[in-house]
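Student: I would like to know what stands behind the labels people put on a structure. Can we take a few and test them?

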There are 2 protein chains.
Amino acid sequence: MKDFPEDSVGLVTPTSIHFDTPLTLASGRVLPEYDLMIETYGELNADASNAVLICHALSGHHHAAGYHSPEERKPGWWDSAIGPGKVIDTRRFFVVALNNLGGCHGSTGPNTLNPETGKPYGPDFPIVTVPDWVESQARLADHLGIHQWAAVVGGSLGGMQALQWSIDYPERLRHCVIIAAAPKLSTQNIAFNEVARQAISKDPQFYQGHYYEQQVVPKTGLMLARMVGHITYLSEDGMREKFGRELRSGKLSFDFNPQFEIESYLQYQGERFSEAFDANTYLLMTKALDYFDPAADYNNELAEALRQVKCDYFIASFTTDWRFSPERSREIVDALIEAGKKVTYTEIQAAHGHDAFLIPIPRYMEVFGAYMNRIANELETADAR
Amino acid sequence: MKDFPEDSVGLVTPTSIHFDTPLTLASGRVLPEYDLMIETYGELNADASNAVLICHALSGHHHAAGYHSPEERKPGWWDSAIGPGKVIDTRRFFVVALNNLGGCHGSTGPNTLNPETGKPYGPDFPIVTVPDWVESQARLADHLGIHQWAAVVGGSLGGMQALQWSIDYPERLRHCVIIAAAPKLSTQNIAFNEVARQAISKDPQFYQGHYYEQQVVPKTGLMLARMVGHITYLSEDGMREKFGRELRSGKLSFDFNPQFEIESYLQYQGERFSEAFDANTYLLMTKALDYFDPAADYNNELAEALRQVKCDYFIASFTTDWRFSPERSREIVDALIEAGKKVTYTEIQAAHGHDAFLIPIPRYMEVFGAYMNRIANELETADAR
């Protein structure tokens, strides 16, 4: 058996939790019952005060850290930040990660069976919003006996969930960690999402979302969606540094085969993704992004939406992120300041674009770690009292 | 009959010109014969010194100004800049616009008949490069009796042709006008092009480029290609100002129909384009963009590539253009300065992104007009001598 690194949470086993209290969604539709697939790392302390919720981004899931088997090649998606001695220190925190409702990694979603029909939900799965996710996560907290999170943490779409938590359940979190996010999508963000949706839904193998029954998947559509997405995750500088205009064979081939390294890289990423991710879930996730706009109910005044929040905030952005640029994070920071709240903000110098939030960039890990350390210290001070 | 505006060139008739001297392309392949579709505006003067060549961008063609019929709804694509009294003043200049080789508007290209087979060239049409176009345009100049252009003018990919002209035929142009261009594509530019190519070539109606025989077109692929392209032509600010997060019906519909204005706008643009443009030509144009790199033969030193040029340059960029940002234009300017050449550079404040080069923004028209006026005055001074 393979030895896991010392700072890894090691072998982890996901758990599925069934909820049978109907959930009314923002759309008005009701999910009579549903499952959430989760993973936890570390131990919940006696007063259940050390729990940290990890919210995932567009293509994420519950497997945030550690390994499902000794053979697993790569650990969970945020293993660089979660583990014993890491930024989110599992010796001090009880960490909960889940696959969101509508996901395709074990939680109830388009690719799971609709109990009413015995067939996959497919396109009949309702549109879910960030507030819907927060509601389902609050019920998960109830189930786990967690009244108040030490922190709710997320990057990108995950950061939007953290922000929404602080608005919807001001009493249920002490800290809100929002990384590389935005208070709502820009027009350009929506435009790129719409290209992805058109690519998927116009793929002849999409069958209006009923591709499961046809034993096919809209691979081309998903591949194109991921290629476009991937361009927006990388910075222009990072792309140039990594791929430049390097030719695969050293010279131009004067045909339509990929000849620049960036072309084959994107194709590879797109194809790999199209084999692993559910198309209906991709559509749902992009809709949750488009719809996210907590200020909308407050006359488009984000500071008003934040008037009732109680937690402290840690907000981080990355200089070359052009999907959710630092400017977008500063909108949240400025609204928090206007609303008289406590906020720590850092803008990290990084060439990696939006992807930076997943990468253990030293300064990022230092400041994020210092903040998480402060949260853990508060816990221990409270324990000592 | 409709009256055309006074500053319009009015009714124009395209002409097809046949060339039967074989053209050896950069790829090594040879086109034994070909046609170029052109339009001209104004009169060539006695010493043929007042000719201006207009080079078109990715989806452009020979119809740059005026109307093909009284019924035509919209004039040529650069009518805002070409006409009597306009920036490119047809009372003073003889203006030549053409559809490039490989195009789909009448010049020899994938959708025209291959004389050797009697069928459309389709995917067998050779890859054409910017230097290939310049060569074919030089032959066009010979045909028209133009030894030296007063100016070669282009925006975007058209600007790249103008730049290449100045390198390949230093004696054959007095001025080079390069608007919203770049000395080569960035990795990100290539990446977006590759998304477009994948969208087209993986469309089941592409038939490996032989869709003409199938009486279909890869509409979805072309639509997606155009949607992605369109996002890169508009600025983020411009998009926000024009579409914001406006909802089509005033409220969220919680389904996958387009609900934000930007979604239906992009779909409409994409669909309209897919009905009008040839997919094989689109692929060729993106390849010409990717391959353009005049410094490549000079140890990647653009200043070296420009050492032998003789013309004066006018270079313009637009502040919010993120496809070919001002920084990319400044690379050309800096190389020209290093090479000791004469260059006028202007950076125009404009919210329209890359599209700005097609829009009659007052300051843009003023500085561009002042430069063109200087060229015309030189001509008239020479005449008076």
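Tutor: We will go through two helix pairs and then the contact between two chains; the model is a predicted one.

Student: Why are α3(A) and α4(A) called roughly antiparallel to each other?

Tutor: Their axes cross at roughly 165°. Angles over 145 degrees count as roughly antiparallel, so α3(A) and α4(A) earn the label. The axes come within 7 Å, and the crossing is right-handed.

Student: Which residues of α3(A) and α4(A) meet?

Tutor: From α3(A), Phe192(A), Val195(A), Ala196(A), Ala199(A) and Ile200(A). They meet residues of α4(A) including Leu222(A), Leu224(A), Ala225(A) and Val228(A). The contact divides into nine nonpolar residues, two polar and no charged. Gly221(A) and Thr232(A) of α4(A) also take part; Gly counts as polar by the rule used here.

Student: What makes α4(B) oblique to α6(B)?

Tutor: Helix α4 of chain B spans residues 219–233, and helix α6 of chain B spans residues 261–276. Their axes cross at roughly 125°. The roughly perpendicular range is 65 to 115 degrees, and roughly antiparallel needs over 145. The angle fits neither, so α4(B) is oblique to α6(B). This crossing is right-handed.

Student: How many charged residues are in the contact of α4(B) with α6(B)?

Tutor: Four, beside seven nonpolar and five polar. Among the contact residues are Lys219(B) and Arg226(B) of α4(B), and Glu271(B) and Glu275(B) of α6(B).

Student: How do you know that Asp293(A) forms a salt bridge with Arg245(B)?

Tutor: Their closest N and O atoms are 3.7 Å apart. The cut-off is within 4 Å, so the pair qualifies. The count between chain B and chain A is six salt bridges.

Student: What area do chain B and chain A bury between them?

Tutor: About 4600 Å², 70% of it on carbon and sulfur atoms. Each chain puts 52 residues into the contact. In chain B, Arg245(B), Phe254(B) and Phe256(B) lose the most area to chain A. Together they account for 17% of what that side buries.

Notes: Residues numbered from 1 in each chain as written. Chains lettered and ligands numbered in written order. Predicted model: local features only at pLDDT ≥ 70, side-chain atom pairs only at ≥ 80, totals over all residues. Heavy atoms only, no water. Axes fitted to C-alpha atoms, helices over the stretch in contact; angles between N-to-C directions. Helix = DSSP H or I, 4+ residues; strand = E, 2+ residues; numbered from the N terminus. Parallel < 35°, antiparallel > 145°, perpendicular 65-115°, else oblique. Left-handed = near helix turned anticlockwise from the far one by under 90°. Contact = heavy atoms within 4.5 Å. Buried area = accessible area lost by both parts, 1.4 Å probe. Salt bridge = Lys/Arg side-chain N within 4 Å of Asp/Glu carboxyl O.
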